[in-house]
Amino acid sequence: MRRPTFLSRIPVDPYLAALLGTVALAALLPARGPAAGVADGAATGAVALLFFLYGARLSTREALDGMRNWRLHLTVLAATFVLFPLLGLASRGLVPYVLTPELQTGLLFLCLVPSTIQSSIAFTSLARGNVAAAVCAGSFSSIVGIVLTPLLAALLLGGSGGFSPRSLVSIVGQLLLPFLAGQLLRRRVGGFLTRHGRALGYVDRGSILLVVYAAFSQGMVRGVWHQVTPLRLLALVGVEAVLLAVMLTLTGYGSRWLGFGREDRTAIVFCGSKKSLAAGLPMAGVLFGAHASLAVLPLMLFHQMQLMVCAVLAKNYAKSSGSRRTASPIAASVLSSTPSSSSDSARR
């Protein structure tokens, strides 16, 4: 007997299931009193370690070599840090009729987060696109996002959602400096990290889960979840579906209008329409503090939505190209070198 194939075709992210389990744990057993201080301190250290590992893993030379296709990379960066934020700003017109101010702040923060690396590579490879360009475009987006996301948050979010100028100082100390330290020490520790990449992947994922637990514990203690109704959550899902559809359309037709070939257009679509859950969660914890639980909710929902939609889209691209659906050697080497149960949890 054949199993039903509908549900099996939906790419439910196991790591997202772990994140939801962490949220449930925070709802049932939130950290309070002295335990809250311990959880916050551990989360702060985990974020610093996470971005140190990011910096130590990223090959600066490979990223610089990829700059030859500068038109493609600028197009992806424009989609990630210009088009997305503009759409996020436009969503303010949905307050208070469709979204609450807190959910709209989270939606705008989602639009400021850098693109993914691994899922962009995987879907570009499946769709028979320019995988090398996807590798470089995702890396550039992640590097630029470490600096540009906090700056855009300071400019566009202002004092909403708990964000303050002090948060900008915190993100430099907890994200940027550890990342730069990892880059400086890459020659000394890069080989070790490569050899033990699979084991260190659990450090990545565990760090992010700790950040989520600390953020949602604070939200539970402060009662922020009483502000969200099921109807508002359903409205948020609808808004995010429209957001993803608009970005897929803009990157697809925009790259064609700019004269890119099919393989480059494929890379632009899958790199320019995504947002990184693993980069956004630590940043939200630093930027929003006690308000981070609502701030990351739109990003968590968008993450699963983009995986499901882009998986189907990549298969359709592969069919239309008339090519085999096998991953390229470049994609295989990148995906195997960065262990992660999420599509981008280990590499932003």
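Buried means under 20% relative accessible area, exposed means over 50%, and partly exposed is in between (1.4 Å probe, protein chains only). This is a predicted model, where local features need pLDDT of at least 70, side-chain atom pairs count only at pLDDT 80 or more, and totals for chains, interfaces and linings use all residues. Residues are numbered from 1 along each chain as its sequence is written, and side-chain values use heavy atoms, with hydrogens and water left out.

**Exercise 1.** Work out whether tyrosine 317 and phenylalanine 270 are buried, partly exposed or exposed.

*Solution.* Start with tyrosine 317: its relative accessibility is 21%, so it counts as partly exposed. Now phenylalanine 270: this one sits at 0%, so it is buried.

**Exercise 2.** Classify the ring pair of phenylalanine 270 and tyrosine 317, and place both residues in their helices.

*Solution.* First, the rule: rings of Phe, Tyr and Trp (its six-membered ring) pair if their centres lie within 6.5 Å; planes under 30 degrees apart are stacked, over 60 edge-to-face, the rest tilted. Next, the numbers: phenylalanine 270 and tyrosine 317 are 5.5 Å apart centre to centre with 65° between the planes, which makes the pair edge-to-face. Last, the location (helices are DSSP runs of H or I, at least four residues, numbered from the N terminus): phenylalanine 270 is in helix 12 and tyrosine 317 in helix 14 (residues 292-321), so the pair ties together parts 47 residues apart in sequence.

**Exercise 3.** Find which residue lies over the face of phenylalanine 260.

*Solution.* Check the cut-offs: NZ of Lys or CZ of Arg must be within 6 Å of the ring centre and within 35 degrees of the ring normal. Arginine 71 is your hit, 4.4 Å from the ring centre of phenylalanine 260. Likewise, lysine 275 lies over the face of phenylalanine 81, at 5.8 Å.

Notes: Helix = DSSP H or I, 4+ residues; strand = E, 2+ residues; numbered from the N terminus.
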